[in-house]
Amino acid sequence: MSFSKLHEASSKLKLTKGKLAGGVVVAAIAAYGLRKFYPKSVKEILNSSQNRRGVEEIELKPDKSRDNDPRCSKKLIAVNKEFVRQLRQLIRIVIPGVWSKEFGLLVVHTLCLVSRTFLSIYVAMMDGLIVKAIVKKDVRQFLLMLVMWLGIAIPATFINSLIRFLESQLGLVLRTRLVKHAYEMYFRDQTYYRVSNLDGRLTNVDQCLTEDITMFTSSLAHLYSHLTKPILDVIVISATLHHSASSKGASSRVPSILAAVVVFLTARILRAVSPRFGKLVAEEADKKGYLRFMHSRIITNAEEIAFYGGHKSEMSLLEKSYKALAKQMNVIFWKRLGYIQLEQFLMKYVWSASGLVMVAIPIITTKAVRPETGRSYDEDADGGVSERTQAFTTARNLLVSAADAIERMMSSYKEVTELAGYTSRVAQMFEVFSDMQKGNYVRSRVPAVKQGTRHQKVTASLLQKRGMVIDTNYNIILDDVPIITPNGDVVVSSLSFKMESGMHLLITGPNGCGKSSLFRILSGLWPVYKGRLYKPPPNTMYYIPQRPYMSIGTLRDQIIYPDSLEEMNEKGFSDKDLEDILGIVHLQHIVSREQGWGAIADWKDVLSGGEKQRVGMARIFYHRPRYALLDECTSAVSIDVESQIYQAAKHAGITLLTITHRPSLWKFHSHLLQFDGEGGWRFEELDMGTRLSLNEEKQRLEAQLAGIPKMEQRLRDLCQILGEDSVLIRRNEGGGGGAGVASEEEDSGSTGATVLEESD
């Protein structure tokens, strides 16, 4: 629709300027009200409808138990001294020195940015010359300037493309350096275990190691490029404009003051209304990590969720996690909308008007003269119009470039605040990694324990203390060492015993009594909070759990894990030696079945439960440790094969520390460590004859007592059929007899008999 038609329509409707202005004001107020009250109204409507339907929402609340800990308190994420300190620490990591690849790439990138600044000034001057030729109607000069302008475009486009390429390369090399450093810290001193099991500050360490590092390095490289060039542009363009004005006898004082005032006021206004983008971005990253954690949790526990039919509950939790993320992102979008509106108004329109005034003042108020002749430009044939046009075009283009540079510098503030968010998360990750290697753990604990529970809670002061871990050559000695879980549960308050090489130890006790926890302390996974622990170096101890870990790689890699093929060759082992090891554990057939040692497969699914356990036992014959920590590691292996493996391990000179419930393995051990589940324990020589006789008596009594409830039930059935009563039943119901004891024994949960074993 043309302007004339709009004017005609307004005339018919009798629209005056006052009515139009009133309509604009009403529309603005309505837009503001919609923006302010619409989300709240919709939220209230949805909440009321959900209450009518009786739908209960599961709230995702932060862990408030960590708020009391000063080390876990949330820090204010902003551009402050803490941000500068963290950024300097990270820059020292990503740029280790002036001779590094990263610093060299940074220098080349900087030179390209400087070249682009001077090219921009040269192009602005050529624009002025082209306009001057057009005004003077000088065709020859116009064509010459146009050819030169096209010629300079070739290196200019190359420099522009090179700047983007170098920015991407700089982000990649910074990320590579930071990832390498993070991986070294993550896999040093079992940090990968401690950060997830002993500390509670990093809930999504995978998010920190991947996305947070990527966003930090990309933001850092992008911000360097978008801050360095604008600063150079402002400095060089200001000098060029000042020189140009001075050469023509004009003063740049008033335009400079006007520019400084406008820029200062704009900066103050934007700083005052700028939201805390750093805090918002950090919260968004945290919610992204939690959503990823929820997805990985469902994948990990998919079978259990399917058995329970818990898909609705899990979907509800997943939806709440996503809604929390979407809500956070929506908050950021709305805050950016208002901020960018004000920013664009000030930097585009206010600055453009100020720029026109700045250009006009010297041209209007100054009588320019030629510096070489001293004659005024007004004495030219065209009255100085071409010269003024050239000066105006050149100055305007330079001012536009300078304004764009200042705009990018000021708009970069929100990018700096976003960088502060990523910097805070990455710096916190390295801080936690460093604390793990120093043994400083922070974890939320239950403040009190109900009476009647089996374990006590340790005080916070004891968790800050550390016992002594002393390396020895042969023996394992525990002197007043408590077994304390990461949550602060005291399983055993004090444990003391001495074990020498060749002393095979059987460890027994009920579930949760500290058997596996003792292995974690001996392996160095859990700290020693009190007493003294004397143990051999970690490379002389090898732990095999009930479910052996199957790595990614070949069949050979499963036997020699964690060694590589090169390390296997350095130890003097060959594939023939590995076949002999498989013969000990009765697995030599899998080499031909899986088509050789170099076969690659998902071994946790290819091998059966018993085969995986025998692969785990094969590893101790390859590594030949001094001590083998065996945690129910042959529960799915047949008894005869199991006995042969244990006998071979003893012949190989490997000292066994075994957790097992199978009486068939007692004969391979010389000492017994028995926990009672109430914090008590006893360490003694294993008396095989006495223990076997007691076990046989226990099984016999369990078998006899298991039949009494059946006999009592049959007696009740007979009494009902015959319509008679029984003196024995009356006596039991009146207060107790033999059958009542049997019933009580059955209710107590005694299972009786031996555990059925799954044979291969």
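Guide: Two strands count as paired if DSSP finds at least two bridges between them. The model is predicted.

Visitor: What makes strand 3 and strand 4 a pair?

Guide: Strand 3 (residues 476–484) and strand 4 (residues 489–499) are joined over 6 bridges, and the requirement is at least two. The pairing is in the antiparallel sense, and Ile484 stands opposite Val490 of strand 4.

Visitor: Which residue takes a positive phi in the hairpin of strand 3 and strand 4?

Guide: Gly488 does, with phi near 95 degrees; the hairpin has 4 residues between the strands.

Visitor: How do you know that strand 3 and strand 6 are paired?

Guide: Strand 3 and strand 6 (residues 532–535) share 3 bridges in the antiparallel sense, against a requirement of at least two. In strand 6, Arg532 is the bridge partner of Asp479.

Visitor: Where does strand 10 stand in the open sheet of 6 strands?

Guide: The order is 7-8-9-5-10-11, which puts strand 10 between strand 5 and strand 11, and the pairing is mixed. What makes strand 7 (541–544) and strand 11 (681–685) edge strands is that each pairs on one side only. Direction ignored, neighbouring strands in this sheet are turned by 15 degrees against each other on average.

Visitor: How do you know that the pairing in this sheet is mixed?

Guide: Strand 10 shows both senses. Strand 5 (residues 505–508) runs parallel to strand 10 (residues 671–675), with 4 bridges between them, and Leu506 has Leu672 as its bridge partner. Strand 10 and strand 11 pair in the antiparallel sense over 5 bridges, where Leu673 is partnered by Phe683. The hairpin of strand 10 and strand 11 has 5 residues between the strands, and within this hairpin Gly677 takes a positive phi near 85 degrees.

Visitor: Why are helix 20 and helix 21 called roughly parallel?

Guide: The axes of helix 20 (residues 609–623) and helix 21 (residues 639–651) cross at roughly 15 degrees and come within 11 Å. Angles under 35 degrees count as roughly parallel, therefore this label applies to helix 20 and helix 21. Helix 20 passes helix 21 in a left-handed crossing. On the side of helix 20 the contact is made by Arg614, Met617, Ile620 and Phe621, and on the side of helix 21 by Val641, Ile645, Ala648 and Ala649. These residues divide into 7 nonpolar, no polar and 1 charged.

Visitor: Why are helix 4 and helix 5 described as roughly parallel or antiparallel?

Guide: The axes of helix 4 (residues 101–136) and helix 5 (residues 139–186) cross at roughly 160 degrees. Angles over 145 degrees count as roughly antiparallel, so helix 4 and helix 5 are roughly antiparallel. Their axes come within 8 Å, and helix 4 passes helix 5 in a left-handed crossing. The residues of this contact divide into 28 nonpolar, 5 polar and 6 charged.

Visitor: Why does Arg425 count as buried?

Guide: Its relative accessibility is 12%. Buried means under 20%, so Arg425 meets the criterion. Arg425 lies in helix 12 (residues 385–438). Leaving aside residues up to four places away in sequence, Arg425 touches Gln207, Cys208, Asp212, Ala282, Ala285 and Asp286.

Visitor: Is Glu632 buried or exposed, and what makes it so?

Guide: Glu632 has 16% relative accessibility, and because this is under 20% it counts as buried. Glu632 is placed in the loop between strand 8 and helix 21. Its phi is near 50 degrees, a positive value in a residue other than glycine.

Visitor: Is Gln595 buried or exposed, and what makes it so?

Guide: Exposed means over 50%, and Gln595 is at 73% relative accessibility, so Gln595 counts as exposed. Gln595 sits in the loop between helix 18 (589–593) and helix 19 (603–606). Gln595 is a residue other than glycine with a positive phi, near 65 degrees.

Visitor: Which peptide bond is cis, and what is its omega?

Guide: The bond from Tyr561 to Pro562 is cis, with omega near 10 degrees. Pro562 belongs to the loop between helix 15 (555–560) and helix 16 (565–570).

Visitor: What share of the residues in the chain is buried?

Guide: Buried residues make up 38% of the 760 residues. The chain contains 24 helices and 11 strands. Of the contacts between residues at least 6 apart in sequence, 77% join residues at least 24 apart.

Key: Residues are numbered from 1 along each chain as its sequence is written. This is a predicted model: local features need pLDDT of at least 70, side-chain atom pairs count only at pLDDT 80 or more; totals for chains, interfaces and linings use all residues. Side-chain values use heavy atoms; hydrogens and water are left out. Axes are lines fitted to C-alpha atoms, for helices over the stretch in contact, and angles run from 0 to 180 degrees between N-to-C directions. Helices (H or I, at least four residues) and strands (E, at least two) are DSSP runs, numbered from the N terminus. Angles under 35 degrees count as roughly parallel, over 145 as roughly antiparallel, 65 to 115 as roughly perpendicular and the rest as oblique. A crossing is left-handed if the near helix is turned anticlockwise from the far one by less than a right angle, and right-handed if clockwise. Contact means heavy atoms within 4.5 Å. Ala, Val, Leu, Ile, Met, Phe, Trp, Tyr, Cys and Pro count as nonpolar, Asp, Glu, Lys and Arg as charged, and the others, Gly among them, as polar. Buried means under 20% relative accessible area, exposed over 50%, partly exposed in between (1.4 Å probe, protein chains only).
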